[in-house]
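Colleague: I have this model open for the first time. Could you take me through it with short answers?

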Amino acid sequence: MRKILSLFAFGSVFALLAFGEDFSGKLIDANCYSQQKKATGCDATAKTAAFALDVSGKVFTLDTN
């Protein structure tokens, strides 16, 4: 019984951490952004190979891995 309770507590902690932070932004073309240094006009398309997120004016480049 003690193992089950410990496992449940351990799982609950990680479940709560999953709800830690939400953010919303706009998916943009990272190559376009690196050339223009602004996110306007760099919308991601079906041919985009490198992506970035524009969140409240701050741009986060996503890895290709």
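Colleague: What is the relative accessibility of D43, and how does D43 count?

Modeller: This is a predicted model, where local features need pLDDT of at least 70, side-chain atom pairs count only at pLDDT 80 or more, and totals for chains, interfaces and linings use all residues. Residues are numbered from 1 along each chain as its sequence is written, and side-chain values use heavy atoms, with hydrogens and water left out. Buried means under 20% relative accessible area, exposed means over 50%, and partly exposed lies in between (1.4 Å probe, protein chains only). D43 has a relative accessibility of 41%, so D43 counts as partly exposed.

Colleague: Which residue meets D43 in a salt bridge?

Modeller: A salt bridge needs a side-chain nitrogen of Lys or Arg within 4 Å of a carboxyl oxygen of Asp or Glu. A search of the whole structure finds one. The N to O distance is 2.9 Å, and the partner of D43 is K26.

Colleague: How many residues apart in sequence are the parts that K26 and D43 tie together?

Modeller: Helices (H or I, at least four residues) and strands (E, at least two) are DSSP runs, numbered from the N terminus. K26 is partly exposed, at 41% relative accessible area. K26 sits in strand β1 (residues 26-29) and D43 in the loop between α2 and β2, so the salt bridge joins parts that are 17 residues apart in sequence.

Colleague: In what order do the three strands form the open sheet?

Modeller: Two strands pair if DSSP finds at least two bridges between them. Four bridges join β1 to β2, and β2 pairs with β3 over four bridges. The pairing is antiparallel, and the order is β1-β2-β3.

Colleague: Why is one side of β1 and of β3 left without a neighbour in the sheet?

Modeller: Look at the edges of the sheet, where β1 and β3 (58-61) stand. One side of each lacks a neighbour because each has a single partner strand.

Colleague: Which residue in β2 is the bridge partner of K26?

Modeller: Follow the bridges across the sheet. One residue of β2 stands opposite V59 in β3. In β2, the bridge partner of K26 is D54.

Colleague: Why is β2 largely enclosed by the rest of the structure?

Modeller: Count the buried residues of β2. The strand has five residues, and β2 is largely enclosed because the number buried is four.

Colleague: Which residue in the turn of the hairpin has a positive phi?

Modeller: β2 and β3 form a hairpin, with two residues between them. Beside the turn, V55 has a bridge partner in β3, K58. The positive phi is about 50°, and the residue is S56.

Colleague: How far apart are the sulfur atoms of C32 and C42?

Modeller: A disulfide is a pair of cysteine sulfur atoms within 2.5 Å. The whole structure holds one. Both C32 and C42 are buried. Their sulfur atoms are separated by 2.1 Å.

Colleague: What is the handedness of the link between C32 and C42?

Modeller: Check the angle about the S-S bond, which is -65°. The link is left-handed.

Colleague: How many residues apart are C32 and C42?

Modeller: C32 belongs to helix α2 (residues 30-36). C42 is in the loop between α2 and β2 (51-55). The pair links distant parts of the chain, and the separation is 10 residues.

Colleague: What distance separates the C-alpha atoms of Y33 and V59?

Modeller: Y33 lies in helix α2, and its relative accessible area of 25% makes Y33 partly exposed. Y33 and V59 are 26 residues apart in sequence. C-alpha to C-alpha, the distance is 8.9 Å.

Colleague: K37 is in the loop between α2 and β2; is K37 buried or exposed?

Modeller: Use the relative accessible area, which is 61% for K37. By that value, K37 is exposed.
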